[in-house]
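Please load the coordinates in your viewer, switch to a cartoon representation, and keep the sequence panel open so that you can make each selection in turn.

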Amino acid sequence: MIALEMYIQVYRHLYSHAYSGAMASSHAHSPSVPSPSSPASGPSVVGRAWAALVPDHVFDFWAAQVSPTWSRRRSLARIVARQVAADHTVTLVLAPNRHVRMPAPGQHMVVGAEVDGRRVGRSYSPSPLPGRRLAITVKAVADGRLSRHLVQSARVGDVLSLGEPFGTFALPRDDAPVLLLAGGSGITPLMALLRAEAARGFTRPITLACWVRTPGEACFVDELRAIADAHPSLRLHLATTREADPRFAHGRLDAAILAGWTGEGAAPHVLACGSAGFVAHARALCTDVAASFQAEAFSPPPAPDGEQGEAEIHLSRSGTTLRVPRNQPLLVALEAAGLRPAHGCRMGICNSCACGKAAGTTRDVLSGACDPEPATALRLCVNAAAGDLVLDL
Ligand code: FES
């Protein structure tokens, strides 16, 4: 312990900006803490020399003995509260360190943790909260290693890694009405947008419609009803599709119910989030009645229709050649073959899975379009092999 304190004293003296920056990670309200990356206030020559002598992982090891989110460079966040949000679903409130770039409402971040000795990551849509806090709502899914860990095992005090915010899901800037359509867990980015709009006092009419299979799966019900009570501009439609319950409407999204929200006044901007099937259904219904349509699907893209057989893929960097099904996104196919390509959202948004294609034809599983161009970049999560490929992996 004495050695640790001496180390910190020495480091504080020689590299004061880095030290105070780390301090800021647990005192995030302090706007006066200078950034070590700021050219005007960066570390001294001596401090930089000292920093070069102490590798990041050594600094992080010792810093973490003092505070678990202190780090020279890594974007980390500590779980400071945990609350059950619905069946098999929790909301975790996170206190990010100073390296975390806060997301805009509706954006996603890749959340990472070590599970059974292996680092795993998955994208979630955090809600920014007052006081530089973030809330993520996580549903445990059967094959989701990270989601099951976060719901069943993660505790207050645990530290998670956070990636850069990404995504362009946002309310249009004009005053036209907005229709938010959520299928199941798709409520989370829409909730972040709605909270931000509530904080602004609702500048336009908004309808939020959310479908869950059972009442127990519904998140944010009390909060949504409280917002609606306080803001007449918000119209709520909370529905179940499998189990009827007097507290909820019952039935799926269809043209008749949509007409009730789009038939009068200006055409609404529609934002939809849910499974790939829910989003495709919403898109088909809204084509002729929406002023604009934005959508995000949290489930993997569907397999390309009609594609049969296998393709040979040569991975030029590793020198590996393997055969994969042509009807699977490449990310899924490579993972099934035991590889671990970098990825984040798994839905074509974050670009984390982008890699070079040297040769061959791929099929975009969202649009069905084929790309025979050599020497292009592709996203593994939303492209499948339409023939033999050479990838820069
Ligand atoms: S994993 Fe995000 S774009 Fe592929």
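Begin with strand E8, residues 178–183, which is mostly covered, since six of its six residues are buried; bear in mind throughout that the model you are looking at is a predicted one. Turn on the side chains here and compare the two directions: Val178, Leu180 and Ala182 point one way from E8, while Leu179, Leu181 and Gly183 point the other way, and all of these residues are buried.

Next, add strand E9, residues 206–212, which pairs with E8 in the parallel sense over six bridges. To find one place where the two strands meet, select Leu181 together with Ala209, its bridge partner in E9. If you then follow the chain from E8 to E9, you will pass through helix H6, residues 187–200, and the β-α-β crossover made in this way is right-handed.

Now bring in strand E12, residues 269–274, which runs parallel to E8 and is joined to it by five bridges. Leu181 is again a useful anchor for the view, as its bridge partner in E12 is Ala272.

For the last stop, move to an open sheet of three strands, whose order is E18-E17-E20 and whose pairing is antiparallel. Its edge strands are E18, residues 370–371, and E20, residues 383–385, each of which pairs on one side only. Select strand E17, residues 362–364, along with E18, and you will have an antiparallel pair joined by two bridges. Within this pair, Arg363 has Cys370 of E18 as its bridge partner, so labelled selections of these two residues make a suitable end to the tour.

Technical notes
Residues numbered from 1 in each chain as written. Predicted model: local features only at pLDDT ≥ 70, side-chain atom pairs only at ≥ 80, totals over all residues. Buried ≥ 20, exposed ≤ 12 C-beta atoms within 10 Å, placed from the backbone. Helix = DSSP H or I, 4+ residues; strand = E, 2+ residues; numbered from the N terminus. Pairing = 2+ DSSP bridges. Right-handed = clockwise from strand over helix to strand, strands pointing away.
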